[in-house]
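Please open the model in your viewer and keep the selection panel at hand. The stops below say what to select next and what is to be found there.

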Amino acid sequence: MAYMEQIDSPLLPETLAVAGAFDFAAFTAADVYGALGREQLRPVDLAALLSPAALPLLEYVAERAQAATVKHFGAAVTLFTPLYIANYCENECVYCGFNCRNKIRRGRLNETELADEMENIASTGLKEILLLTGEARRQADLDYIGRAVAMARNYFTVGLEIYPLNTDEYAYLHKMGADFVSVFQETYDPEIYATAHRRGPKRVYAYRFHAQERALRAGMRGVAVGALLGLGDHRRDALTAAVHAALLQKHYPGAEISFSVPRLRPYARDTLTDKAGLNDPRGFRLGAGVGERELLQVMLAFRLFMPFAGITVSSRERAGFRDHVLGLCATKVSAGVKVGVGGRTLAEKGDGQFEIADSRGVGAMRAAIRTRGLQPVFKDHVYV
Ligand code: SF4
């Protein structure tokens with residue numbers, strides 16, 4: 001599309017070439033032990049840890065991962081919450097409640113509502129927020145997002161999970177007060193990507209892939225990388241996401257790179273399980289092949305491959321699982337989550353994106369972190 005900036009970057013071919021080089025079925029227990037014995041893991045070691053051969057050895061992998069987490073993060077677990085400011089979207093992503101074909105309530109928060117929601121969040125003690133929108137450049141335009149960021153920076157460190165932008169647009173939002181950008185490729189498999197994203201600007205795979213680089217070139221402090229596990233082959237997607245993250249770190253050594261590990265979730269008008277198969281052209285099934293054990297395997301492998309990278313565990317996962325991975329490999333957790341537009345101080349103005357599995361508020365999450373002997377952290381950096 002004409003407005004989409006193209007940047008000069010070797011990352012896409014490099015990422016796909018490295019991540020496509022391994023056959024997960026070929027790895028053995030010896031390869032997994034070999035990977036665990038290395039100080040610094042190579043992509044082949046990461047592939048071994050993601051392979052079926054590593055599943056029976058997960059306890060050993062977890063021991064190493066926990067040691068790495070303690071070494072790099074101590075007992076700290078950072079808390080944040082998402083704030084959906086708008087849910088308009090022009091894309092038809094088959095797995096998402098905001099899919100433009102879904103007849104849901106759409107809305108965006110006005111300035112009074114933004115202020116009320118932010119005050120409410122700030123009153124819980126949180127100091128980090130993630131502002132989210134769907135992809136609709138008219139209804140959630142850059143000016144609107146910029147104003148929301150400027151309001152949020154009065155209370156919080158501000159991260160963004162919005163549609164991909166050009167470098168100058170990221171620079172504008174950075175100037176307004178945002179310093180972190182999350183963009184998930186959903187799946188790195190170009191064929192499945194094309195099938196899962198049936199309409200809209202998101203169909204342009206390369207523009208999405210290069211979003212983190214544009215954000216970093218625009219001055220953002222950090223970026224998050226991830227795949228929606230269950231859309232494609234979760235092992236290949238996890239490997240590719242990690243290689244993508246490692247190459248970003250190599251090319252932008254001062255950047256804070258982190259991972260998210262979302263799994264597919266149902267949503268209110270769930271066309272993934274629609275009997276008519278309306279939006280289910282490839283038979284996508286929720287979390288297909290990605291149980292909690294497989295998800296844990298991915299998180300542990302990420303921890304060992306990039307020991308210093310933050311890993312966020314989503315409220316898509318149940319409380320017991322989230323508690324288990326804190327301190328083991330996860331370093332960041334959301335609390336008091338609402339996935340509709342508003343919903344804290346006003347009735348939701350727009351329907352939610354997906355179902356959450358852990359609805360604990362900030363107090364309960366803080367207590368859960370302490371129960372595990374860990375330290376809840378509300379702010380992990382200051383600007384000087
Ligand atoms: S995943 Fe994002 S881009 Fe796709 S429909 Fe949902 S909100 Fe829109």
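In this predicted model, begin by selecting strand β7 (residues 310–313) together with strand β8 (residues 332–334), which pair in the parallel sense over two bridges. Within that pairing, V313 stands opposite V333 in β8. Now add strand β6 (residues 256–260), which runs parallel to β7 and is joined to it by three bridges; here the residue to label is F259, whose bridge partner in β7 is I311. With β7 still selected, show its side chains: G310 and T312 point one way, I311 and V313 point the other way, and all of them are buried.

Next, select strand β3 (residues 157–161) and β4 (178–182). Three bridges link β3 and β4, and the sense of their pairing is parallel, with L160 standing opposite V181 in β4. How much of β4 is buried? Five of its five residues are, so that the strand is mostly covered.

From β3, follow the chain into the loop that lies between this strand and α7 (167–176), where L165 is found. Is L165 buried or exposed? L165 has 25 other C-beta atoms within 10 Å, and because a residue needs 20 or more of them to count as buried, L165 is buried. If residues up to four places away in sequence are left out, L165 touches Y170 and R214. For a distance check, pick the C-alpha atoms of L165 and L248, which are separated by 17 Å while the two residues are 83 residues apart along the chain.

Then move to the loop between β4 and α8 (190–196), and select E186 there. A torsion readout is worth switching on at this stop, since most residues other than glycine have a negative phi. E186 is not a glycine, and yet its phi is positive, at about 70°. E186 also counts as buried, because 25 C-beta neighbours lie inside 10 Å.

The next selection is helix α11 (residues 234–251). Why does the length of α11 agree with expectation? At 1.5 Å a residue, its 18 residues should span 26 Å, and the C-alpha atoms at its ends are 26 Å apart, which agrees. Colouring α11 by burial adds a second view: 13 of its 18 residues are buried, so the helix is largely enclosed by the rest of the structure.

Now select the ligand and the residues around it, which are C89, N91, C93, C96, F98, N99, G134, E135 and K202. Colouring this shell by residue class divides it into four nonpolar, three polar and two charged residues.

Finally, zoom out to the whole protein, which has 14 helices and nine strands. Taken along the principal axes, the box that its C-alpha atoms fill is roughly 60 × 45 × 45 Å. A compact globule with 384 residues would have a radius of gyration near 21 Å, and the protein has 20 Å, which agrees. Buried residues make up 50% of the 384 residues. For a contact map, restrict the display to contacts with a separation of 6 or more: residues 24 or more positions apart account for 76% of these.

Conventions. Residues are numbered from 1 along each chain as its sequence is written. This is a predicted model: local features need pLDDT of at least 70, side-chain atom pairs count only at pLDDT 80 or more; totals for chains, interfaces and linings use all residues. A residue is near a molecule or strand if its C-beta atom, placed from the backbone, lies within 6 Å of it. Ala, Val, Leu, Ile, Met, Phe, Trp, Tyr, Cys and Pro count as nonpolar, Asp, Glu, Lys and Arg as charged, and the others, Gly among them, as polar. Helices (H or I, at least four residues) and strands (E, at least two) are DSSP runs, numbered from the N terminus. The expected span of a helix is 1.5 Å times one less than its number of residues. A residue is buried if 20 or more other C-beta atoms lie within 10 Å of its own, exposed if 12 or fewer, and partly exposed in between; C-beta atoms are placed from the backbone. The radius of gyration is taken over C-alpha atoms; the globule rule is 2.2 Å times the number of residues to the power 0.38. Two residues are in contact if their C-beta atoms, placed from the backbone, lie within 7 Å. Two strands pair if DSSP finds at least two bridges between them.
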